[in-house]
Amino acid sequence: MWGIIIAIILGWSYFGGSGQQSKIGWDMLSDTLMRNGDLQRVQVVNREVAQVWLKPQAVARYKAQERFRYIPEQGPQFFLNIGSLEKFETDYQAAADSVEVQDRAIDVPSLMFENESSGWTTFFGQAFPFLLIVVFWIFIMRRMSGGGGGAGGGAGGVFNVGKAKARLFDKDNDQRVTFKDVAGLDEVKVEVMEVVDFLRNPGKYSELGGKIPKGALLVGPPGTGKTLLAKAVAGEADVPFFSISGSDFVEMFVGVGASRVRDLFKQAKDKAPCIVFIDEIDAIGRARSKNSGWSSNDERENTLNQLLTEMDGFGTNAGVIVLAATNRADILDKALLRAGRFDRQIEVGLPDVKERAEIFAVHLRKLKLDPALETDFLARQTPGFSGADIANVCNEAALIAARKNKKQVERQDFLDAVDRIIGGLERKNKIITETEKRTIAYHEAGHATVSWMLKWANPLLKVTIIPRGRALGAAWYLPDERQITTREQMLHELASLLGGRAAEEMTFGEISSGALNDLERATKQAYAMVAYYGMSREVGHRSFYDSTGQSEMMLGKPYSEATAQLIDCETNDLLKECYGLAKQVLWENREGLEALAELLLEREVIFAEDLERIFGRRQAGAKNPLETDSGSVATDTAADTSATAAEGAAATPAADAAGTTTDNRPATAGTEGGEN
């Protein structure tokens, strides 16, 4: 808008007073206008332009010509650019003398000179750069302060950079989420409901001398419903609810973060009792560096200091309850987690099979389903899935059904959706040689054989040698949703991981790069058994796992070089033992291994039924994936099983860079070893 207005004013100032003058050349001025005696006045303006006035009787004659029909009645009628003033003056005088010599009746007017300047042109020429800077600065400040639609917009937007950008929800909000929309998390909802109940009925607690916690921190893996739970609190509580993200406090200007914290709590105090929800609080709550020379951030630390003061300082925050959510509680500052600030840490973990069924029931409401489909079946298909993963499965199943032109979403669509999410898109057109295909088939058959024959290994549900994503082959297993794991169970799982490479060596007499993912997972699990879980006789009952997360700042390892060598030796011996166990199982079931590999080459996909037909039923006490009454059926999930608590959340499946085979195994529910 500013640019358009300025352009119009400048255009008018430059061209508005020039009328309909016609531009002519020197030849017309000297050969026509002078020789015909039509010149009344010739004036040089600003040493650049010569303006020509015609005699009144000559104007009509020139207007009769098509090219000059729009010249004005009152001059000037013509103009020409003169270039060099000295040369124009000399040529004009010479032409005038020549005309007067030839025809003494013609009187050529002398040149006149004038300097003109437009007040508007001068003003804008001088002020325009400054106006442009001011407009640009206002635009930048409004963008940084949230623009017209945010808390920094509106009146005085330039000065609202330090205002908090919290969104306010109240009981009249149309898009309300209640606890009915939050499936599972029964224990978590009980604790959070206590906060809501206190705000509704404070006398119930104050009569007994109790005080409501000042803050509650929701902690859990991504996608488990922390933010959704906060939305439900906003919908259930009949008090104002402020919602803001931790990153909204971060700004390029010094002091803005602390200013926004002060403004947020000022707004909250004005509307007390109320709830303040800070999502992803680790953006500003990260532990302050003990060494100011390393990874310190003064602006972020100032923001954190202000938050600590507002939550529990000399000021009073009566009636203001702070909820926060993070999946990185281990990196938060200890001062933030102490009693009086965040009194409670509420663990929001991955749902179990019952909670997964409830979550499926919520997300399946909007889908047109096959009446025979059971939510319990889908829940057993997805151990280790979070609420966000389940929502993705439901959406992907609907897309697959629509792609197949179905009228309803069926059971097979959900199975295909799980396969798609975990393993990636099938790449049936990928070029694979017959030798590579045969190697992949025996590799996957080795995994399947060892996992089926060992009692405590996770039983195989499905094997395919059809490339998916970056993997050339994939296998799906059904893990127990157990909380602790014994040494024998881990040894069987390690043997199952190494079964693919053992099968390659036995069959072809050589090994390939296809076991990269298996070796990586096996090595991590073996090191965890020795260094974390104390499952080594030589190392003993010691654990070097740091649950505080401070090991990242340590320059050295928490053990000597001799212990490091001992850990390496014990890990190597453990892997050798498991590799030998895998080869022993394969030698004892050589015929079944070959039959399974040939079946894979023929059909490209095999299931648990095929393994039971070839090898028979699993050992007594081992889980049978075909027995649905055990609470489990065929499943595939997205994360690697690593028996170390130090690995934290399970990693997503990935093949090696060369595109070799990989097994996609789900993570067990909870963290093995009782660390968390």
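## Exercises on salt bridges and a helix

Aspartate 330 is partly exposed, its relative accessible area being 42% (partly exposed lies between buried, under 20% relative accessible area, and exposed, over 50%, with a 1.4 Å probe and protein chains only). The model is predicted, so local features need pLDDT of at least 70 and side-chain atom pairs count only at pLDDT 80 or more, while totals for chains, interfaces and linings use all residues. Residues are numbered from 1 along each chain as its sequence is written, and side-chain values use heavy atoms, with hydrogens and water left out.

**Exercise 1.** Find the residue with which aspartate 330 meets in a salt bridge.

*Solution.* Apply the criterion of a side-chain nitrogen of Lys or Arg within 4 Å of a carboxyl oxygen of Asp or Glu. The side chain of arginine 328 satisfies this with aspartate 330, at 3.7 Å from N to O. Then take the accessibility of arginine 328, which is partly exposed at 34%.

**Exercise 2.** Establish where lysine 87 and aspartate 91 lie, and classify lysine 87 as buried or exposed.

*Solution.* Both residues lie in helix α4, four residues apart, about one turn of the helix (helices are DSSP runs of H or I with at least four residues, numbered from the N terminus). Their side chains form a salt bridge of 2.9 Å, N to O. Lysine 87 has 55% relative accessibility and counts as exposed, whereas aspartate 91 is partly exposed at 28%.

**Exercise 3.** Determine which parts the salt bridge of arginine 47 with glutamate 86 ties together.

*Solution.* The closest N and O atoms of this pair are 3.5 Å apart. Arginine 47 lies in the loop between β2 and β3 and glutamate 86 in helix α4, so the pair ties together parts 39 residues apart in sequence.

Note on methods: Helices (H or I, at least four residues) and strands (E, at least two) are DSSP runs, numbered from the N terminus.
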